Amino acid sequence: TNVIKVSVNQTLVAGSIKNSQSICYNTAPVMFTTAQYPSGGSGTYTYKWQKFVGTTWSDITGATFETYSADPLEVTSYFRRVETSGSCGTVYTNQLTVNVTPEFIAGVIGSNQTINYNTSPSDIVSVQASSGATGVYVYQWQKSTDNSTWSNITGATTNSYQPGNLTNT
């Protein structure tokens, strides 16, 4: 008889993805990209991205490319890529983590004061501290005489401020 050849595809091996990262609340992470391509199988691959939601991995609608750009995130999230090679099977990459810092919430300073001309008001202090983000805060006090145009006060970089004597509101 004639000779026939039976070709056997190599075992499908998952690739890997990169760009685990830390981001600020409600910002988009940097695009997720390939660290290592899949190998074996038929030699052609299709991709699908998934996000860990609750207790299961869920497909991300429309995310069928090699790379993926996630929408802004509000909580730490986990992603992976599903790689399929024809009828040779489906494998999963490593998962990557996007750590999201808590939402930054500005503090609250003390209440309005009424003083006499050319006298000093009481110290202006924080009555509620800032919270969220990285937990490390930098302060810069500003002033305005029209409540519209604001300018930095040189050297006023602590969480409280003593304005000194004032001659206008």
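## Phe 32 and its ring partner

In this predicted model, Phe 32 is buried, with a relative accessible area of 0%. Trp 49 is buried too, and its relative accessible area is 0%. Both residues count as buried because their values fall under 20%.

The structure has eight aromatic pairs. Phe 32 and Trp 49 form one of them, a tilted pair. Their ring centres lie 6.0 Å apart, with 40° between the planes. The pair links distant parts of the chain, 17 residues apart. Phe 32 sits in the loop between β3 (21–23) and β4 (33–36). Trp 49 belongs to strand β6 (residues 46–53).

## A partly exposed pair

Phe 52 and Trp 57 make an edge-to-face pair. The centre-to-centre distance is 5.3 Å, and the planes meet at 65°. Phe 52 is partly exposed, at 29% relative accessible area. Trp 57 is also partly exposed, with a value of 22%.

## Ring cluster

Phe 32 and Trp 49 recur in a cluster. Ring pairs join these two residues with Tyr 68 and Phe 79.

## Largest pocket

The largest pocket holds about 1,400 Å³ of space. It is lined by 40 residues. Closest to its centre are Ile 109, Ile 124, Trp 141, Gln 142 and Trp 150.

Three strands each supply at least two lining residues: β11 (108–109), β12 (126–128) and β13 (142–143). By class, the lining of the largest pocket has 18 nonpolar, 20 polar and two charged residues.

Conventions: Residues numbered from 1 in each chain as written. Predicted model: local features only at pLDDT ≥ 70, side-chain atom pairs only at ≥ 80, totals over all residues. Heavy atoms only, no water. 1 Å grid on protein atoms, 1.4 Å probe; cavity = no way out; pocket = protein on both sides within 12 Å on 5 of 7 lines; lining within 4 Å. Points joined across faces, edges and corners; volume = space filled by probe spheres on them. Helix = DSSP H or I, 4+ residues; strand = E, 2+ residues; numbered from the N terminus. Nonpolar A, V, L, I, M, F, W, Y, C, P; charged D, E, K, R; others polar. Phe/Tyr/Trp six-rings, centres within 6.5 Å; stacked < 30°, edge-to-face > 60°. Buried < 20%, exposed > 50% of the residue type's maximum accessible area, 1.4 Å probe, protein only.
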